[in-house]
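User: I am a first-year student, and I should like a close look at a single part of this model. Please describe the surroundings of that part in one connected account, and explain each term when it appears.

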Amino acid sequence: FILTGIEIKDIPSADQAADKLLEKGVQNVIITMGEHGAFFKNKETYFSIPAVKTNVIDTTAAGDIFNGAIAVALSENKNWKEAIEFANKCSAIGVSKLGAQSSIPLRSDII
């Protein structure tokens with residue numbers, strides 16, 4: 001909301017917010033929407049990825065886990081869709097545990 005003035009409630013509002021960010025020069029927009037998954041948009045494509053169903057215990061490190069997982073996936077030459085799917089899985093594992101650092105999944109935790 002702060003960057004775009006648009007309250008994100010669903011895919012259409014995420015799409016509108018992404019357009020505002022693209023107009024400002026952002027090249028790739030990822031909007032995380034908690035239980036509603038994630039939305040991606042750039043000049044070539046857009047898509048949404050559903051959230052991974054999980055028992056949420058603590059969301060403290062969810063964003064950090066998501067961002068770290070995106071970086072890992074992209075460094076492994078995954079495309080945006082694969083990277084966001086990987087990040088969603090990692091975040092779902094993280095929020096199912098208590099704490100921040102202790103909730104970060106290991107590679108062996110990710111199926």
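Analyst: Two residues are in contact when they have heavy atoms within 4.5 Å of each other. This is a predicted model, in which local features need pLDDT of at least 70 and side-chain atom pairs count only at pLDDT 80 or more, while totals for chains, interfaces and linings use all residues. Residues are numbered from 1 along each chain as its sequence is written, and side-chain values use heavy atoms, with hydrogens and water left out.

The part chosen here is Thr-4, which belongs to the segment before α1 (11-23). Helices (H or I, at least four residues) and strands (E, at least two) are DSSP runs, numbered from the N terminus. When neighbours within four places in sequence are set aside, Thr-4 is in contact with Ala-17, Lys-20 and Leu-21. Thr-4 and Ala-17 are 13 residues apart along the chain, yet 5.8 Å separates their C-alpha atoms.

Is Thr-4 buried or exposed? Thr-4 counts as buried because its relative accessible area is 15%; the terms are buried for under 20%, exposed for over 50% and partly exposed in between, with a 1.4 Å probe and protein chains only. The side chain of Thr-4 also has a polar atom that lies 3.1 Å from the backbone nitrogen of Ile-6.

Burial can also be followed along a strand. In β3 (residues 46-49) the side chains alternate: Phe-47 and Ile-49 point to one face and are buried, whereas Tyr-46 and Ser-48 point to the other face and are not. The partner of β3 is β2 (residues 38-42), and the two pair in the antiparallel sense over four bridges; pairing requires that DSSP finds at least two bridges between two strands. Within this arrangement, Ser-48 of β3 has Phe-39 opposite. Three residues lie between β2 and β3, and the two strands form a hairpin.

Notes:
Polar contact = N/O pair within 3.5 Å; in protein donor to acceptor, adjacent residues only side chain to side chain.
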